[in-house]
2 protein chains.
Amino acid sequence: MDEPRSSQQRKGRFAYEGLDRVIHERARLSVLTSLVAHPRGLLFSDLKEFCRLTDGNLSRHLQVLQEARLVEISKGFEANRPLTRCRITVQGRRRYLEYLGVLEQVVRDAAGATKPEPGSRALRKLAPA
Amino acid sequence: MDEPRSSQQRKGRFAYEGLDRVIHERARLSVLTSLVAHPRGLLFSDLKEFCRLTDGNLSRHLQVLQEARLVEISKGFEANRPLTRCRITVQGRRRYLEYLGVLEQVVRDAAGATKPEPGSRALRKLAPA
């Protein structure tokens, strides 16, 4: 067993309470990262391709994100075809960046903790690109 | 709207299919990161403190992780008090490292995509520690 650290250091040390559940869910993290990478917005069809989601799944997750005011959705027409556009909101970007800070902490904690044999595959995986 | 990239580049570009749902759930990510940082194992009570989880929640998530063979749990006694010890398995460590590789990709994608004003708080957040 590992030596326990002081109680002060331990309390919630790995709790990661900033991992906002609205953002952390895999499909929504995928949608938000696509939209952060395309700040001027994406068509529903492009977003679907980037995230490899079905129409139904993407719609459901977009609704959750819209209700949380993290994305905005506009519907229009182009050459008589309906077009749905999705954009990340200012608030969405801010909350995504806060979430990202916690995610980086997880990566740092894990990288600091895992010390595989020199030259092993896991070590190369953890080395900065 | 942003320019669409080539179809080849777009398909599943932000899908992050390697974000294993067993590991990605916040409480379980918290438990596994604690155990990766303490490879010789942790007592239930210490793990509870690190992850700031209730007894019931920690038990429930440990059961999921044990069924997936990512952690092993042993029950014993010390000075007549029951002691539960938790350890990450070899398989658990390997799968955690694979998951971590995908998490690092999310961080790289997001950091590459977000270019806030120089000197802003968000930029400092994204800068390497």
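How many of the 8 residues of helix α4 (residues 44-51) of chain B are buried? Keep that in mind while you get your bearings.

**Before you start**

What you have open is a predicted model, with an ipTM of 0.80 and a pTM of 0.82. Colour chain A by pLDDT: the average is 86, and 81% of the residues score at least 70. Confidence in chain A peaks in helix α5 (residues 55-67), at a mean of 98, and bottoms out in helix α7 (residues 121-126), at 42. Now select residues 117-129 of chain A, where the pLDDT is below 50; beyond near neighbours in sequence, this stretch makes 15 contacts in the model. Where pLDDT is low, the predicted coordinates should not be read in detail.

**Stop one: helix α4 of chain B**

Select residues 44-51 of chain B and you have the reply to the opening question: 6 of the 8 are buried, so call this helix mostly covered. Show side chains for the buried ones, B:F44, B:D46, B:L47, B:E49, B:F50 and B:C51. Then step just past the helix to B:R52, which has a positive phi, near 50 degrees.

**Stop two: the sheet in chain B**

Next, pick out the three strands of the open sheet, which run in the order β1-β3-β2 with antiparallel pairing. Select β1 (42-43) and β2 (71-78) of chain B: these are the edge strands, and because each has a single partner strand, one side of each lacks a neighbour in the sheet. Between β2(B) and β3 (residues 81-88) of chain B, which run antiparallel, there are 8 bridges. For one pairing to look at, select B:G76 and its bridge partner in β3(B), B:L83. Now add helix α3 (residues 26-37) of chain B, which packs on the sheet and touches β1, β2 and β3 of that chain. The direction of α3(B) makes about 90 degrees with that of β3(B).

**Stop three: the core**

Which residues touch the most other members of the largest nonpolar core? Select V31, L47 and Y96 in both chains A and B; the core has 67 residues. Zoom in on A:L47: leaving aside residues up to four places away in sequence, A:L47 touches A:V31, A:S34, A:L35, A:L42, A:L58, A:L62 and A:C86.

**Last stop: both chains together**

Zoom out and show the two chains. Chain B superposes on chain A by a rotation of 180 degrees with 0.0 Å of shift along the axis, at an RMSD of 0.0 Å. That's a two-fold axis relation. Finish by selecting the interface: 100% of chain B's interface residues are also interface residues in chain A, so the copies meet through the same surface.

How values were computed: Residues numbered from 1 in each chain as written. Chains lettered and ligands numbered in written order. Predicted model: local features only at pLDDT ≥ 70, side-chain atom pairs only at ≥ 80, totals over all residues. Heavy atoms only, no water. pLDDT = per-residue confidence, 0-100. Helix = DSSP H or I, 4+ residues; strand = E, 2+ residues; numbered from the N terminus. Contact = heavy atoms within 4.5 Å. Core = buried A, V, L, I, M, F, W, Y, C linked by side-chain atoms within 4.5 Å. Buried < 20%, exposed > 50% of the residue type's maximum accessible area, 1.4 Å probe, protein only. Pairing = 2+ DSSP bridges. Axes fitted to C-alpha atoms, helices over the stretch in contact; angles between N-to-C directions. Least-squares fit on C-alpha atoms with pLDDT ≥ 70 in both.
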